[in-house]
Each structure stands twice: as structure tokens, then as C-alpha cells.
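Here are some remarks for a colleague at the bench, set out as numbered points to be read beside the structure.

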Amino acid sequence: MSKIALVTGASSGIGAAAAELLAQNGWTVWGLSRRGSAPSGVRGVSGDITDPDSVRRVLSEIGSVSGRLDLLVNCAGSGISGAVEFTSEEDSRRQMAVNLDGTAAVCRAALPLLRESRGMILNVSSVAAVLPIPFQTWYSASKAALNAYSSALANELRPFGVRVSAVMPGDIKTGFTAAREKSPVGDEVYCGRISRSVEKMERDEQNGMPPKAVAKKILRLSGRKRVPPVCTVGAGYAALVLLSRLLPRRFVNRILYLMYAK
């Protein structure tokens with residue numbers, strides 16, 4: 001019997017790559033996105049992760065049609081950039097609502113099926129969770145919160161045999177760069193540092209790894225009986241994350257300042 005997976009954010013980027021690769025490797029894949037579009041071989045379904053009723057409807061449909069769920073891959077997310085001082089409460093709350101609360105809503109609705117199958121949850125986070133980027137503060141905070149959420153959830157679900165991991169890519173070349181909501185407000189106050197930081201970040205992303213690299217990591221994890229609570233995609237980024245844990249935090253933060261905020 002084919003195993004069943006749900007991938008959110010399946011219309012583009014990492015979500016589309018993960019959904020397509022899982023389908024090519026024998027999974028029956030449901031791809032959730034606001035538009036309902038998905039790669040070839042993936043059953044697209046429309047839904048909004050920030051709307052709990054919409055999420056419950058999607059999971060109810062999966063339960064009725066497929067009868068089970070073995071893997072949940074949360075890729076849906078958004079990004080904003082700008083100075084904290086000039087970021088409105090509405091924008092910061094919306095960032096957390098998508099990247100943290102939206103992911104939690106999908107997990108909440110999927111858990112009855114995942115407990116039954118002793119399945120797996122993979123939440124796509126970011127290296128920015130452990131190496132917070134200036135002028136991308138709220139995005140970094142939302143991913144740091146997602147790491148904490150995933151680690152705590154892994155322990156809550158351990159007695160049920162449900163495995164949970166936060167998957168942290170570094171720079172990825174996707175449409176996420178163009179879709180980021182960039183605010184230059186206050187750039188004159190910060191002497192052009194906001195625009196310089198965002199430009200540097202976007203150059204790094206456009207020179208980053210392809211989304212299929214993350215999809216391959218997700219596929220490998222999907223076949224494991226045990227997964228780490230947090231894992232990094234790419235040897236270079238894994239080395240950076242390790243160094244950030246070994247070196248004094250003051251030194252690491254100084255390096256991030258020189259890279260993205262000077």
C-alpha cells in the first residue's frame with residue numbers, strides 16, 4: 001500500500017520540489033496551497049494555513065479519501081524584511097501567524113491521523129533560526145520559534161511513535177526571494193544599512209542551493225525510523241550551525257553584524 005503524504009506550500013519552491021520527489025518515489029502526495037496547484041503526480045488541494053477551518057476541511061478530505069496520513073511536510077511560509085523599529089505590529093504578527101501559527105494549525109489537524117499511523121512531521125525552518133539575520137528579525141524569530149515548537153512537539157508525541165523534525169535549509173534559490181515583503185522605511189535613519197543588508201541577503205539566496213537539495217533531505221528523512229529534532233541541509237551550513245554553538249555568542253553576533261548590518 002502506498003504511503004500518504006501531505007505537503008503544504010506545494011505550488012512552488014521547496015514545497016513543490018518535495019511533493020514532486022516524494023510522488024516520484026512511490027508516495028501518494030497531497031499538495032496544499034492557496035491556489036490548489038501542485039506538480040505533476042501530486043493531488044492539489046486548495047487551503048489557507050492561517051484559516052483553521054480551511055485546514056480542518058483539507059485534513060478531513062484526506063482522511064475520507066486516503067484513509068490515513070503517514071507524513072506531513074510543512075513548507076508553507078512567508079518572509080518580511082525591514083527594521084524592527086519601523087515594522088508595524090500588524091506585519092510582525094502576520095509573519096508569526098503564517099510561519100508558526102499556520103504550521104501549528106496543520107499539525108493540530110493532522111495529529112489524529114499521524115498518531116494512528118505512527119507517522120512523521122517535517123517542519124521546514126531556516127538556518128536563520130540559529131543565525132538570526134539583522135533586518136530580517138521577524139522571519140528569524142518565527143523560524144527560531146518553529147524550532148522550539150518542533151523540539152517540544154517531538155517529546156509530546158514520542159510515546160505515540162510520531163517523529164518530528166525541524167529541517168533548516170540555508171540560502172535557497174527560489175521565488176521566495178521575489179515574494180518577500182521588503183520595507184525600506186527608515187533606511188535614511190539607518191544610513192542605507194537596511195537596503196544593503198537586504199541586497200546582500202538576496203544575492204546569497206540567488207546563489208544558493210536548488211530547492212531539490214532540500215527535497216532530497218526530506219525524502220531521506222521520510223524513510224528513517226528516528227529523526228533529530230533539528231537538522232540542517234548542506235554540509236557547509238551544518239558546519240556553520242555547529243560553529244555557532246561552539247563559539248562565544250558575542251563573537252557569532254559580531255560576525256552577523258559585519259555580514260548583514262554594518
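1. Strand S2 is joined to strand S3 (residues 43-46) by 4 bridges, and the two strands run parallel. Within this pairing, Ser33 stands opposite Ser46 in S3. Please keep in mind while reading that the model is a predicted one.

2. On its other pairing, S2 meets strand S1 (residues 4-8), again in the parallel sense, and 5 bridges hold the register between S1 and S2. Here Thr8 is the residue that stands opposite Leu32 in S2. The connection is made through helix H1 (residues 13-24), so that S1, H1 and S2 together form a β-α-β unit of right-handed sense.3. How much of S2 is buried? Of the 6 residues of S2, 5 are buried, and the strand is therefore largely enclosed by the rest of the structure. Ser33, which belongs to this strand (residues 28-33), is itself buried, with a relative accessible area of 5%, a value that lies under the 20% cut-off used for that term.

4. The surroundings of Ser33 deserve a careful look in the viewer. Its side chain reaches the backbone nitrogen of Gly36 at 2.9 Å. When neighbours within four places in sequence are left aside, Ser33 is in contact with Ala10 and Ser11, and also with Val45, Ser46 and Gly47; Ser46 in this list is the residue that stands opposite Ser33 in the pairing with S3.

5. Strand S6 (residues 120-124) can be read in a similar way, beginning with its burial, since the strand is mostly covered, with 5 of its 5 residues buried. Which residues lie on each side of S6? Met120, Leu122 and Val124 are on one side, while Ile121 and Asn123 are on the other, and both faces are covered.

6. Turning to the partners of S6, strand S4 (residues 71-74) is joined to S6 by 4 bridges, and these two strands run parallel. In this pairing, Asn123 of S6 is the bridge partner of Asn74, and Asn123 is also among the buried residues of the strand.

7. S6 is also joined to strand S7 (residues 163-168), by 5 bridges and with the strands running parallel, and in this pairing Leu122 stands opposite Ser165 in S7. Between the two strands the chain passes through helix H4 (residues 137-157), and the resulting β-α-β crossover from S6 to S7 is right-handed.

Methods
Residues numbered from 1 in each chain as written. Predicted model: local features only at pLDDT ≥ 70, side-chain atom pairs only at ≥ 80, totals over all residues. Heavy atoms only, no water. Buried < 20%, exposed > 50% of the residue type's maximum accessible area, 1.4 Å probe, protein only. Polar contact = N/O pair within 3.5 Å; in protein donor to acceptor, adjacent residues only side chain to side chain. Contact = heavy atoms within 4.5 Å. Pairing = 2+ DSSP bridges. Right-handed = clockwise from strand over helix to strand, strands pointing away.
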